[in-house]
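Thanks for coming, everyone. I have one structure to walk through today. Please look at the screen.

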Amino acid sequence: MKEYDGKKLKNCTKDGLDLEQSEDEKKGFEELKTAYEPICKLIKEVLGEKVEKVQIGQRLDESPCVLVTGEYGWSANMERIMKAQALRDA
């Protein structure tokens, strides 16, 4: 199922989720990105190679963070399935 009621469905666990915003919301988000840029750099330095990037997002409301898969990477479920296979291909 790729579409419902004329709206295209998107996977919210993947990178690149774009939510519709007003101009004021876009401006506010850009201000947040610049304000939190130093802490994102610090978190990336601490985590190092364990994460690809650290950035401010818009998909969360009450939770402090979320881990997402790259836009064209495996989902967490697919990675779990591949690890469970006895003869998986690296």
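Start with Ala35, which sits in helix H1. Is Ala35 buried or exposed? Ala35 is exposed, at a relative accessible area of 53%. The cut-off for exposed is over 50%, so Ala35 earns the label. Now look for Ile81. Ala35 and Ile81 are 46 residues apart along the sequence. In space, their C-alpha atoms are 39 Å apart.

A word on confidence. This is a predicted model. The mean pLDDT of the protein is 82. Of its residues, 94% reach 70 or more. Where is confidence highest, and where lowest? It is highest in H1, with a mean of 90. It is lowest in helix H2, residues 76-84, with a mean of 81.

Next, the pockets. The largest pocket has a volume of about 1400 Å³. In total, 36 residues line the largest pocket. Which of them are closest to its centre? They are Val54, Gln55, Gly57, Val66 and Val68. Helix H1, residues 23-47, gives the largest share of that lining, with eight residues. By class, the lining of the largest pocket has 18 nonpolar, eight polar and ten charged residues.

On to the second largest pocket. Its space comes to about 160 Å³. Its lining starts in sequence order with Lys10, Asn11, Lys14 and Asp15. Then come Gly16, Leu17, Glu71 and Tyr72. How does this lining divide by class? Two residues are nonpolar, two are polar and four are charged.

Stay with Glu71, one of the residues lining that second pocket. Glu71 is found in the loop between H1 and H2. Its relative accessible area is 46%, so Glu71 counts as partly exposed. What does Glu71 touch, leaving out residues up to four places away in sequence? Glu71 touches Lys14 and Asp15. Both of those also line the second largest pocket. Thr13 is worth a look too. Glu71 and Thr13 are 58 residues apart in sequence. Yet from C-alpha to C-alpha they are 9.0 Å apart in space.

Now the cysteines. How many disulfides are there? The count comes to zero. Take Cys40. The nearest cysteine sulfur to Cys40 belongs to Cys65, 11 Å away. A disulfide needs the two sulfur atoms within 2.5 Å, so this pair does not qualify. Cys65 is likewise in no disulfide, and its nearest cysteine sulfur is that of Cys40. Which of the two is buried, and which is exposed? Cys40 is buried, with a relative accessible area of 11%. Cys65 is exposed, with a relative accessible area of 54%.

Last stop, Asp5. Find the loop between strand E1, residues 3-4, and strand E2, residues 7-8. Asp5 sits in that loop. What is the phi of Asp5? It is near 55°. That is a positive value in a residue other than glycine. Asp5 has a relative accessibility of 70%, so it counts as exposed.

To recap. The largest pocket takes the largest share of its lining from helix H1. Glu71 lines the second largest pocket and touches Lys14 and Asp15. Cys40 and Cys65 have sulfurs 11 Å apart, and there are zero disulfides. Asp5 has a positive phi. That's my walk-through.

How values were computed: Residues are numbered from 1 along each chain as its sequence is written. This is a predicted model: local features need pLDDT of at least 70, side-chain atom pairs count only at pLDDT 80 or more; totals for chains, interfaces and linings use all residues. Side-chain values use heavy atoms; hydrogens and water are left out. On a 1 Å grid over the protein atoms alone, a cavity is a set of points where a 1.4 Å probe fits but cannot get out, and a pocket is an open set with protein on both sides within 12 Å along at least five of seven lines; lining residues have an atom within 4 Å of a point. Grid points are joined across faces, edges and corners, and a volume is the space filled by probe spheres set on the points. Helices (H or I, at least four residues) and strands (E, at least two) are DSSP runs, numbered from the N terminus. Ala, Val, Leu, Ile, Met, Phe, Trp, Tyr, Cys and Pro count as nonpolar, Asp, Glu, Lys and Arg as charged, and the others, Gly among them, as polar. Buried means under 20% relative accessible area, exposed over 50%, partly exposed in between (1.4 Å probe, protein chains only). pLDDT is the predictor's confidence in each residue, from 0 to 100. Contact means heavy atoms within 4.5 Å.
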